[in-house]
Amino acid sequence: MSTNAGAPQKRPTLKAVRGTRDLLPDQTPLWNFVEATARGVFARYGFGEIRTPILEDTSLFARAVGEETDIVGKEMFTWEDGERYSHQRLEAAWKAANADSIYILEFESGLIGYVPDLKVHRFGKNRVEIVEFKNLATPEAIAKLASFVDAARLKDLQTDDKAPTIGRLVVPAGKSRLPKGIRLPDQVELEEVAGDFFDSSQSLCLRPENTAGVVRAYIEHKLGETGQLQKLYYIGPQFRRERPQKGRYRQFWQIGAEVIGPQSSGSESALRDAEVLQMLAALLDELGIRGWKLDLNSVGSSEDRARYNDALRAALAPVKDQLCPDNQRRAETNPLRVLDSKDENDQAIIEGLPKIADYLAEDSRVHFEQVRAALDACGVKYNLNPRLVRGLDYYTRTTFEFTVTTGLGTQNALLGGGRYDGLSEMLGGPRAPGIGFAIGEDRLILTLQAQAEEDAKAEGAAQPAWAAKKLDAYIAPLGVAQNPAALALAHDLRSVGLSVEVGDGSFKLRKSFDVADSLARNIILLGEDEVATQTATVKSFATGEQKKIAREELIGVLR
Ligand code: HAM
C-alpha cells in the first residue's frame, strides 16, 4: 500500500482550448484602442454596428462560402444539434384527419395535443401553452381545461359568453401520457395521432466569418426594402479549425464591414469599392500601421469566372499530374483556388496559367477601371495582383488584401475582402450587390505590438497611444481603523471621475508605497489625524512632493 494513501489527489489543471487565448488586462488596452479607433472611423464613413449570432446554420456557410473551400470543407466547428419536435408536422397530420382549425396544447412533460377551435395562449416560463377558446368560451369550460394545465394562470385567460365546444385533445403516439396528477376536463377526449413528429437534427456551427451572417440578417430583416444603402460593421470572434501558429488561431477576432443594398441604392457602384478601400487606408494610417500594401484584383462576374474556370481547367489538365495532391483536386473541383496556392513546386505552372484580366466581360472591365480611377483620385496606392482570388467562393469583381511586413511572419494578410454581387440571391434573398472586408484583429494587434517594440529601441521613444494609464490616486489607510474612511473617500473621488485604488490598513507603509507607485500617480495617506481633521496627505510620484491638504483641495490636486 502506498504511503500516500488517503492524501488528496492533485487535480490536473485545465488550459484554454488549443488555438484559443485569454486576453489579460495588460493586453486589452491595445484591443480597446484598436476597436475604439475603428468605431470612430466607421462612424465618420456612415457605418452602423450590426451584431449577428456566433451560432449559425451550417448550410449558410456551405451555400455562401462554398463547400469546396478550405473554410467549409475542413475548418468549421460543426455539430448536429439534436432532433427537434415539429409542431408543423403534427399539425399537418391532424389537419389531414380533421378539417377543423387546431391548436396546440403543450406540456413541459412532453405531452403535446390539439384542441380544436381554441386559441393558443403562451406562457414562456414553464413552457406551457394554454389554449383559449376562440369565441365559444365560458369561464367554467376554461376553468376545467386550465385546471389541469395551471390553475394559477386562469386569470390570464380571456373569456366569452358563448357556450363551449371542446373537441378532442389529440396527442401524438408515444407522447400520450398525461403528466402525473393531471386529469382531463370532461369535455376533452384524448385521441392519438400516429406518426413521426420530429424534425431531423439541425447542423449548427460556430461562424467562420461574418459576411454570410450579415447577408442572412439583411435578408431576414428585409433591410433591402428600406431602399437605402446599408453600411454595417461588426467586431467579434470567428472560428476556424486551422493549425495554430503565430497570427493564426482557432478563435480569432475580425473587425469587418459590409456595404449592401438594392441596385437602386448605388450598391454596385465602383465608388463604393473605392470608398471602402479609402476608409481602410484611413483606418490603418490612424492606427499607425506602417508599410501596409494593398493588393487589388477583379475576379469578374460569375459568368466571367465560369469562363475563366473553364480556361484554367483546360490549361491545368495536361500538367495536373505534376501538381501537389491538393492542387490536383482543386484543378478539377475549383481551379480558381489553385491560383492562391503557396506550394513551392507548383509556382512555375501557376505563373504560366491564363490571367483573369483576359476573361473579364466589358462591364466587369469597366467597373474595375472605375475602381482604379477612383483610388487614384483619392491617392490610395495599390498593386495589381492577378492571382488574388481569395479563399471564399462568394466573391465577384473587386477583390483585395492588405499585407504588412512587420510582426506577422508568414501570416502577413492583415485583412481581406471584396465584392459579392450574387451572395444575397445564393441565400434566397433579393438582388443586393455588396462589398466588404474583414480585418484580422489579432494580426493587427501583433503588428502594432511589433512596431511598438521596434520604436521602444529608439532613444526618447514616446509611450504608444494605448499604453495603460496609471490611476489618479492610491489611498493608503494607515491603520485598519481608517479602512472605512478610505473607502468612503475613494467613492467620493471616483464619483467625480477620478480613477482610484484603495489599499488596506493592515499593510506596512513601505508596502503601501510600493503598490501605490506601481499603480498610481499619487498616494493619499489617511491616518487618524487626517480622518479627524478632514485632510489628506498627498504625495506625487512624479515630483516627489508631499503635502497635507484640506479635503476640498484634493480633487483639484489630483486632476
Ligand atoms: P478572410 O480573408 O477569410 O475573409 O479573413 C479576413 C481576415 O481575417 C484575414 O485577412 C486574416 O487577417 C484574418 N484571419 C482569417 N483566419 C484567421 C485565423 N485563423 N487567425 C487569425 N486571423 C485570421 C473573410 O473572412 C471575409 N468575410 C471578408 C469579407 C467581408 N469579404 C467581404 N466582406
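Which side chains does a polar contact of 3.2 Å join? The pair is R207 and Q238, and R207 makes a handy way into this structure, which is a predicted model. R207 sits in the loop that runs between β12 (203-206) and α6 (211-220). Besides Q238, the side chain of R207 also reaches a piece of backbone, the oxygen of P237, at 2.9 Å. What R207 lacks is a salt bridge, even though this arginine is buried. The nearest side chain of opposite charge belongs to E56, and that one is 6.4 Å away. With a salt bridge requiring a nitrogen-oxygen pair within 4 Å, E56 does not qualify as a partner for R207 at that distance. So the polar partners listed here for the R207 side chain are the backbone oxygen of P237 and the side chain of Q238.

Next comes the ligand. There are 27 residues around the ligand, and the ones that come nearest are E209, T211, E242, Y249 and Y395. Two of these also make short polar approaches to ligand nitrogen. For E209, a polar side-chain atom lies 2.6 Å from a nitrogen atom of the ligand. For T211, an N or O atom of the side chain is 2.8 Å from a ligand nitrogen. On the oxygen side of things, L414 chips in with its backbone: an N or O atom there lies 3.0 Å from an oxygen atom of the ligand. As for how wrapped up the ligand is, on its own it has 660 Å² of accessible area, and the protein covers 96% of that.

Which elements supply the shell around the ligand with two or more residues each? They are β14 (251-260), β18 (413-419) and β19 (434-440). Of the elements, β18 gives the most, with 6 residues. In terms of chemistry, the shell splits into 12 nonpolar, 8 polar and 7 charged residues.

Salt bridges are up next, and the count comes to 33. A few of them are worth walking through. R39 pairs with E49, with the closest N and O atoms 2.9 Å apart. This pair ties helix α1 (residues 28-44), where R39 sits, to strand β1 (residues 48-49), home of E49, and the two residues are 10 apart along the chain. Both ends of the bridge have middling exposure: R39 is partly exposed at a relative accessible area of 30%, and E49 is partly exposed at 31%.

The bridge between D70 and R330 has its closest N and O atoms 3.7 Å apart. It links distant parts of the chain, with D70 in helix α3 (residues 70-74), R330 in helix α9 (residues 325-333), and the two positions 260 residues apart. R330 has a relative accessible area of 11%, which means it counts as buried.

R510 and D514 offer a local case. Their closest N and O atoms are 3.0 Å apart, and both residues lie in helix α15 (residues 509-519), 4 residues apart, which is about one turn of the helix. R510 counts as exposed, at 59% relative accessibility, whereas D514, at 43%, counts as partly exposed. Beyond single pairs, salt bridges that share partners join E268, D363, R397, E425 and R431 into one network.

Close to R510 in sequence is K508, placed in the loop between β21 (500-502) and α15. K508 is exposed, with a relative accessible area of 67%. Its C-alpha atom is separated by 9.8 Å from that of A476, a residue 32 positions away along the chain.

Finally, a look at the backbone. Most residues other than glycine have a negative phi. Which way does phi go at K222, positive or negative? K222 has a positive value, near 50°, and is not a glycine. K222 lies in the loop between α6 and β13 (230-239). R390 likewise has a positive phi, of about 70°, although it is not a glycine either. R390 is also a loop residue, found between β16 (383-384) and β17 (396-403). At 13% relative accessibility, R390 counts as buried.

Key: Residues numbered from 1 in each chain as written. Predicted model: local features only at pLDDT ≥ 70, side-chain atom pairs only at ≥ 80, totals over all residues. Heavy atoms only, no water. Near = heavy atom within 4 Å. Polar contact = N/O pair within 3.5 Å; in protein donor to acceptor, adjacent residues only side chain to side chain. Areas by Shrake-Rupley, 256 points an atom, 1.4 Å probe, with all protein chains shown as cover. Nonpolar A, V, L, I, M, F, W, Y, C, P; charged D, E, K, R; others polar. Buried < 20%, exposed > 50% of the residue type's maximum accessible area, 1.4 Å probe, protein only. Lys, Arg positive; Asp, Glu negative; His and termini not counted.
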